[in-house]
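User: I'd like a close look at one part of this model, please. Take your time and walk me through it in one go.
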Amino acid sequence: MDEDFMFEKANIGDLNLDNSVWPRSTLNEEAIERYRDCLEELPPIVVDRETMTVLDGWHRVEAHRREGVETISVKYDSCAPHLFLARSYALNARHGLPVDNEERDQIVVDLRQGKDGYDPMGQEEIAKIMGISQGRVSQVITNLLGANIFVGDKPKVKEAIRLYLSGMSQEKVGGRFSVTQQTISSVVRDYSKRKDLISEHLRSRGHLKSVVRYSNRGPWGDAKFPGNTSGYLLVDLIDYYQPKSILDPMEGSGTTGDVAFDMGDIRYKGLDLLSGFDLVGDKPEGEYDLIFWHPPYHDAIDYDITHPNNLSRCPSLSDYLDKLKLCMAKLLDHLSREGHLCILCSDPRKDGSIQPIHSAVISFNLAILDAALVKLIEGRSRYFDYGNAPFIPIVHEYVLIFFNKRV
Ligand SMILES: C[S@@+](CC[C@H](N)C(=O)[O-])C[C@H]1O[C@@H](n2cnc3c(N)ncnc32)[C@H](O)[C@@H]1O
């Protein structure tokens with residue numbers, strides 16, 4: 001950045017007043033009126049030479065305009081466009097009209113994270129461009145960015161809630177994870193809300209029957225994960241079977257683990273090809289009372305993982321079913337004596353014909369079927385009209401529940 005400013009006159013009509021690089025939301029009328037009486041005594045505005053973007057002096061420009069004056073004195077500056085807002089903050093924060101601290105904090109976080117494809121900046125560089133101390137930058141990052149990272153880190157959030165439930169104060173828990181007490185308070189609040197949703201669902205649902213329908217998926221797992229399932233199905237299964245331990249060998253976005261935590265921190269193991277576990281080639285460890293298994297529905301949805309045993313990329317239906325059978329036999333080996341294996345599957349349509357997956361799973365004849373639930377699909381599913389068949393769209397899938405008893 002060029003610190004040797006030059007004073008010149010610029011045409012007001014040539015100036016670029018870009019809202020997105022101005023760290024205030026509105027003009028202050030009182031300041032404009034004050035400036036109109038003393039245009040000659042005002043300091044020059046600061047403008048980026050190449051783009052003529054006004055980095056400091058919006059009120060002065062407006063005062064000149066209202067007085068009908070066509071030119072204004074400027075100091076030229078130059079910096080990269082993605083740093084305009086930071087530079088503008090540094091200049092604006094130095095005079096009489098204060099800039100909102102929230103705006104400042106957001107600029108710091110954006111620069112640290114590298115917004116809009118720019119490289120993330122170091123704390124020292126941010127402090128320099130914004131004209132604030134490195135200590136302040138570090139404090140903002142710890143408070144804001146630290147909170148964002150923490151809230152997105154499920155294992156850490158669960159650990160923090162455990163500590164809070166065991167009697168540790170929110171402040172101390174915050175200290176343990178380097179976040180504020182407010183951040184802990186907000187994750188605890190979300191946890192209580194989710195528990196309320198579970199209680200309300202169980203209160204209003206009535207007995208579990210062989211047809212289930214969930215009007216929404218709830219806040220568990222990730223609604224954007226392709227082929228995610230409703231957390232309420234897990235609520236029902238856990239409530240019904242009361243397992244002490246749960247395995248989900250293809251957990252996807254982690255819906256099962258999230259519900260297991262909210263329903264009493266039930267011991268849970270979640271695996272997936274996405275995190276390096278291949279159910280076809282690897283062996284899960286341990287024994288579980290409930291195994292919830294939600295494999296890809298053959299190639300209805302493509303999970304973009306380069307691996308020969310990616311079940312969404314099997315070369316044929318028969319190859320898919322062979323692998324499914326092998327996986328099912330393996331999972332039955334990890335059920336506790338009274339345990340249940342719940343398989344969520346579907347019969348998608350491809351090229352105009354139904355692929356009979358659920359009946360194939362039953363006819364593997366590996367274990368005794370305890371129940372077969374029909375789960376209605378809400379809204380539009382990706383495989384709803386899979387194979388371009390508008391006639392008799394598929395609006396259900398199956399939950400096949402097997403005992404730990406071999407046939
Ligand atoms: C239908 S999704 C599970 C969605 C999950 N129930 C949820 O709510 O987010 C199927 C998952 O199977 C995983 N998968 C595919 N092949 C696998 C394999 N061989 N071993 C383990 N996971 C596999 C995919 O990565 C995908 O996450």
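In which sense do strand β2 (residues 45-48) and strand β4 (residues 71-77) pair, and over how many bridges?

Analyst: Quick housekeeping before the strands. This is a predicted model, where local features need pLDDT of at least 70, side-chain atom pairs count only at pLDDT 80 or more, and totals for chains, interfaces and linings use all residues. Residue numbers start from 1 along each chain, following the sequence as written.

Now to your pair: β2 and β4 run in the parallel sense, joined over four bridges. Within that pairing, Val-46 sits opposite Lys-75 of β4. By "pair" I mean that DSSP finds at least two bridges between the two strands. Strands (E, at least two residues) and helices (H or I, at least four) are DSSP runs, numbered from the N terminus.

Zooming out, the two belong to an open sheet of four strands, ordered β1-β4-β2-β3, with mixed pairing. β1 (7-11) and β3 (54-56) are the edge strands, each with a single partner, so one side of each has no neighbour in the sheet. From one strand to the next, the twist averages 50°; angles here run from 0 to 180 degrees between N-to-C directions, with axes fitted to C-alpha atoms, for helices over the stretch in contact.

Then there's the helical packing. Helix α2 (residues 58-66) packs on the sheet and touches β2, β3 and β4, its direction making about 160° with that of β4. Helix α3 (residues 84-92) packs on the sheet too, touching β2 and β3, and its direction makes about 35° with that of β3. Contact means that the C-beta atoms of two residues, placed from the backbone, lie within 7 Å.
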